[in-house]
Amino acid sequence: MSKPSRAPRRPGKPADTIAAGTLVFLRLPRLEDRAEMLRVRRGSRAFLEPWEATPERGPSPWGPGWFDRFLASSATDASLRMLICAADDGRIVGQIGLGGIVRGAFQSAFLGYWIAETETRRGYARQAITLAISHAFGTMGLHRVEANIIPRNKPSKLLVKRIGFRYEGLARRYLRINHVWEDHEHWAISREEWGTP
Ligand SMILES: CC(C)(COP(=O)(O)OP(=O)(O)OC[C@H]1O[C@@H](n2cnc3c(N)ncnc32)[C@H](O)[C@@H]1OP(=O)(O)O)[C@@H](O)C(=O)NCCC(=O)NCCS
């Protein structure tokens with residue numbers, strides 16, 4: 001188990017907040033988040049590594065190059081990657097992102113998320129996903145959000161099921177996770193199911 005994170009206290013919501021709830025708010029990453037973000041990720045490495053996407057080429061998911069890529073892809077036409085920050089003091093507790101955004105007649109995106117090991121079971125992921133989906137179906141005008149989950153990742157499956165995602169089936173050797181092409185379950189939710197007008 002890693003040590004609890006010690007972040008500088010930053011009361012209040014920053015101006016670049018994308019969505020806010022009672023427990024967490026979501027905001028875009030900034031250059032000055034580098035040290036805190038890398039410390040949070042490295043502190044939870046053993047916990048996160050079994051579920052970490054590892055492209056065949058690219059920087060190590062645990063090094064500074066990873067942060068550069070995260071920052072560069074944080075707000076593009078194809079992706080929106082945000083920090084999950086605790087509402088009480090603004091510390092970084094995790095990350096959530098909408099990737100592979102396709103517009104036109106699809107209006108769809110993939111959802112990814114993680115929470116630092118020391119911050120789990122406090123409802124942070126559930127609220128962060130709820131906020132991200134409301135933003136996706138509201139401001140962004142998307143129609144479908146899909147989460148892809150390794151069948152043995154029971155916490156993640158229970159989490160999305162509780163939020164209202166539907167199981168759609170199993171895709172073989174779908175994503176390269178921790179250097180292995182892993183089967184994934186498709187879990188999805190549409191704007192109609194979420195209830196956004
Ligand atoms: C999965 C993960 C995001 C959950 O984050 P979290 O902040 O602890 O989740 P929450 O506290 O919001 O939990 C919401 C619900 O999810 C389910 N859940 C979360 N963690 C669980 C666990 N360890 N065991 C069983 N159910 C779990 C429960 O239904 C929970 O509701 P409850 O607390 O009322 O029982 C976190 O464990 C994590 O980051 N795991 C490693 C990375 C990962 O798996 N990412 C997703 C890849 S698809």
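**Figure 1. The loop between β4 (92–102) and β5 holds Q107.** This predicted model gives Q107 a positive phi of about 45°, although Q107 is not a glycine. Most residues other than glycine have a negative phi.

**Figure 2. R121 lies in the loop between β5 and α4.** The phi of R121 is near 60°, again a positive value in a residue other than glycine. R121 is also one of the residues that come nearest to the ligand. A polar backbone atom of R121 is 2.8 Å from an oxygen atom of the ligand.

**Figure 3. Backbone atoms of I115 and R126 face oxygen atoms of the ligand at short range.** For I115, the distance from a polar backbone atom to an oxygen atom of the ligand is 2.9 Å. For R126, the corresponding distance is 2.8 Å. Taken alone, the ligand exposes 920 Å², and the protein buries 80% of that area.

**Figure 4. The ligand takes up the space of the largest pocket.** Two or more residues of the shell come from each of α2 (45–48), β5 (108–115), α4 (124–137), β6 (144–149) and α5 (154–163). Which element gives the largest share of the shell around the ligand? That element is α5, with 5 residues.

**Figure 5. The shell around the ligand consists of 21 residues.** Those that come nearest are I115, R121, G123, R126 and N153. How many residues of the shell are nonpolar, polar and charged? The nonpolar class has 12 residues, the polar class 5 and the charged class 4.

**Figure 6. The protein chain that surrounds these views has 6 helices and 8 strands.** From the N terminus on, the order of its elements is β-β-α-α-α-β-β-β-α-β-α-β-β-α. Along the principal axes, the C-alpha atoms of the protein chain fill a box of roughly 40 × 40 × 30 Å. The radius of gyration of the protein chain is 16 Å, which agrees with a compact globule, because a globule with 197 residues would have a value near 16 Å.

Terms used. Residues numbered from 1 in each chain as written. Predicted model: local features only at pLDDT ≥ 70, side-chain atom pairs only at ≥ 80, totals over all residues. Heavy atoms only, no water. Near = heavy atom within 4 Å. Polar contact = N/O pair within 3.5 Å; in protein donor to acceptor, adjacent residues only side chain to side chain. Areas by Shrake-Rupley, 256 points an atom, 1.4 Å probe, with all protein chains shown as cover. 1 Å grid on protein atoms, 1.4 Å probe; cavity = no way out; pocket = protein on both sides within 12 Å on 5 of 7 lines; lining within 4 Å. Sits in = over half its atoms within 2 Å of the grid points. Helix = DSSP H or I, 4+ residues; strand = E, 2+ residues; numbered from the N terminus. Nonpolar A, V, L, I, M, F, W, Y, C, P; charged D, E, K, R; others polar. Rg over C-alpha atoms; globule rule 2.2 N^0.38 Å.
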